[in-house]
Amino acid sequence: MNRIPVPEPKSVGLILSYRCTAHCAHCIYFCSPDWDADLMSQDELRETLSILSDHIVPSPRGRRSIGLNHGLHLTGGEPFLHYDRLLDATRLAREYEIPSLFVETNSFWAVDPETTRQKLIELSEAGLDGIMVSVNPFYAEYVPFENTKRAVKFGREVYGDDAIVYQESYLQEFERAGLEGTLDLSDYVKGREGKLLRGAEFFLSGRAPYEVPDYGVSGLETRPAEYWFDKSCPTSLLREWHDHVDNYGNYVPGYCGGLSFGKIEDLPRLMDEGLPAEEYPVLSLLIEDDMAGLYDLARGYGYRARDGYYSKCHLCTDLRTHLHEHGDFRELKPDQFYEQVKAE
Ligand code: SF4
Ligand code: SF4
């Protein structure tokens, strides 16, 4: 491969900041309160949305309806931590007629009915088409369930069918169980004999391999690096849907935190020309699905294998963190991502 093709961002999550109120054990971007907010300026936000507006495709349900893998979602980190910037982004996205615009939230901010209703109505009036409320045991460890229920209730009141709960089965489970306040995740796992996230989409990527095993989850075992060499990536790096753009302007493939195709401001050129493979060895090896190659590259920089890895993404993150520390790879961005991995 001489040039790496850069996919068109047809559906995108705009990470307003990696800073979050929570420190979920499964967070793919290692978000937490430890990150600096580092918000985009108004001009950067405008330029980013203007560029994305040429590419984002609407939900099959319509331009003002939402779908998980369509349109533009405003995300983080926790986007309501920066409510004014969330409002700005909503207004600008509407000005650029970006379709299927929604916000993804952990609901920490839904502290009472008035606040919740007022913010959701204000966002709707600014042009937001919907909301996605995150619900599973990892969020419930940090967010009082009352807040989650409030965000769902008023979300549905304001946005109707365009209020999505991800995942509804956990909302129902916690309601049936009469959950109050936050969830003790270790007790929850113990009460289910080590089983967790039955039926849920869950990859041992991001922070998960570093933290989830500590909760006593059953069925997780480490394997030596070589075991993962020929396993395929759980998500494709070249897909055109559900990619991300972060507050530093990085165009992030899929859910692969810490990787960047380059700056979103250069998107037309990146898409026209692709990336010269020899200047992006990490991306190039990963796209060829050659984890053995990435492993050898890291070994050349002094990497020493761990006893085992919980997943291919675990190995990948570990190799990339080493390469980021010991080399100079333009695709390993943002730097703060790797600082957070090392802090785990
Ligand atoms: S609420 Fe979302 S962004 Fe925040 S730590 Fe949890 S998974 Fe990550
Ligand atoms: S192994 Fe690496 S490139 Fe593949 S999906 Fe996981 S994080 Fe992404």
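Biologist: How is the shell around ligand 2 divided by class?

Modeller: In this predicted model, the shell around ligand 2 has eight nonpolar, one polar and two charged residues. Thr 235 is the polar one, because Thr is neither on the nonpolar nor on the charged list. Lys 312 and Arg 320 are the charged pair, since Lys and Arg count as charged.

Biologist: What makes a residue such as Cys 256 part of the shell around ligand 2?

Modeller: A heavy atom within 4 Å of the molecule is required; Cys 256 is listed around ligand 2, so it meets that limit.

Biologist: Which helix gives the most to this shell?

Modeller: H13 does, with four residues.

Biologist: Why is ligand 2 said to sit in the largest cavity?

Modeller: Because more than half of its atoms lie within 2 Å of the grid points of that cavity.

Biologist: What makes the shell around ligand 1 free of charged residues?

Modeller: The shell around ligand 1 consists of Cys 20, Ala 22, Cys 24, His 26, Cys 27, Cys 31, Gly 77, Asn 106 and Tyr 139. Only Asp, Glu, Lys and Arg count as charged, so the shell divides into six nonpolar, three polar and no charged. His 26, Gly 77 and Asn 106 therefore count as polar.

Biologist: How do H13 and H14 pack?

Modeller: Helix H13 (residues 312-326) and helix H14 (residues 335-343) pack at about 115°, with axes 10 Å apart. Their crossing is left-handed.

Biologist: What makes Arg 320 of H13 and Tyr 338 of H14 contact residues?

Modeller: Contact means heavy atoms within 4.5 Å, and both residues are among those that make it, so they satisfy the limit. The contact residues divide into three nonpolar, three polar and four charged.

Conventions: Residues numbered from 1 in each chain as written. Chains lettered and ligands numbered in written order. Predicted model: local features only at pLDDT ≥ 70, side-chain atom pairs only at ≥ 80, totals over all residues. Heavy atoms only, no water. Axes fitted to C-alpha atoms, helices over the stretch in contact; angles between N-to-C directions. Helix = DSSP H or I, 4+ residues; strand = E, 2+ residues; numbered from the N terminus. Left-handed = near helix turned anticlockwise from the far one by under 90°. 1 Å grid on protein atoms, 1.4 Å probe; cavity = no way out; pocket = protein on both sides within 12 Å on 5 of 7 lines; lining within 4 Å.
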